[in-house]
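Biologist: I would like to learn how to read a protein model step by step, beginning with its strands and ending with its interior. Could we go through one together?

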Amino acid sequence: MALHIKRVYEPKEDRDGTRVLVDRLWPRGLKKQEAAVDVWLKEVAPSPALRRWFGHDPAKWSEFQRRYRDELKKNSSAVEELGRRIGESDVTLLYAAKDPHHNHAIVLQRFIGDN
């Protein structure tokens, strides 16, 4: 099964499969119906403390990736839940961050692929 990532603000496409929001907070200005989210797994998002520390600062990207992977290793139940979803169909991880190159969905996608 394929695992994609995209901004939650982008339109839903047939190839998305199951759309899983992986943010801890609901995306600003987006109505639930417009988001077309099938599952909201906020438990796999970075902790509030890590999210605040990172602040989407590209200079902190390498350290953020390390810290977030550590959090994911300790959060096996949430990661396993996501893994079950991926085993059932194509999945698109949805995130709200503006930066398509420095966001937690990238780290999560790689983490799932490595395990």
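**Reading the sheet and the core**

Modeller: Let us begin with one pair of strands, keeping in mind that this is a predicted model: β2 and β3 run parallel and are joined by two bridges. Within this pair, V20 stands opposite V39 in β3.

Biologist: Which strands does β4 pair with, and over how many bridges?

Modeller: To read a sheet, one follows the pairing from strand to strand. Strand β2, residues 18-21, pairs with β4 in the parallel sense over four bridges, and L21 stands opposite L94 in β4. Five bridges join β4 to β1, again running parallel, with H4 standing opposite T92 in β4.

Biologist: In what order do the four strands lie in the sheet?

Modeller: Put together, the pairings give an open sheet in the order β1-β4-β2-β3, with parallel pairing. The edge strands are β1 and β3 (39-40), each of which pairs on one side only.

Biologist: Which helices pack on the sheet, and at what angle?

Modeller: An angle between directions tells us how a helix is laid against a strand. Helix α4 packs on the sheet and touches β1, β2, β3 and β4, its direction making about 135° with that of β4. Helix α5 also packs on the sheet, touching β1 and β4, and its direction makes about 175° with that of β1.

Biologist: Are the residues of β4 buried or exposed?

Modeller: Five of the five residues of β4 are buried, so the strand counts as mostly covered, given that buried means under 20% relative accessible area. V91, L93 and Y95 point one way from β4, while T92 and L94 point the other way.

Biologist: Which residues have the most contacts inside the largest nonpolar core?

Modeller: A core is read by asking which residues it joins and which elements supply them. The largest nonpolar core here has 26 residues, and V20, L82, L93 and L108 are those with the most contacts inside it. Among the elements that each supply at least two of its residues are α3 (61-74), α4 (76-88) and α5 (104-114), and the largest share, six residues, comes from α5. A second, separate core of six residues includes V8, L30, A35 and L94.

Biologist: What covers the buried residues of α5?

Modeller: The cover includes β1 (3-7), α3, α4 and β4, and among the buried residues of α5 are H104, I106, L108 and F111. Leaving aside residues up to four places away in sequence, L108 touches V22, V44, Y68, L72, L82 and L93. At the N-terminal end of α5, N103 acts as a cap, with a side-chain oxygen 3.0 Å from the backbone nitrogen of A105.

Key:
Residues are numbered from 1 along each chain as its sequence is written. This is a predicted model: local features need pLDDT of at least 70, side-chain atom pairs count only at pLDDT 80 or more; totals for chains, interfaces and linings use all residues. Side-chain values use heavy atoms; hydrogens and water are left out. A nonpolar core is a set of buried Ala, Val, Leu, Ile, Met, Phe, Trp, Tyr and Cys residues joined through side-chain atoms within 4.5 Å. Buried means under 20% relative accessible area, exposed over 50%, partly exposed in between (1.4 Å probe, protein chains only). Contact means heavy atoms within 4.5 Å. A polar contact is a pair of N or O atoms within 3.5 Å; within protein, one must be able to donate a hydrogen and the other to accept it, and residues adjacent in sequence count only if both atoms are side-chain atoms. Two strands pair if DSSP finds at least two bridges between them. Axes are lines fitted to C-alpha atoms, for helices over the stretch in contact, and angles run from 0 to 180 degrees between N-to-C directions.
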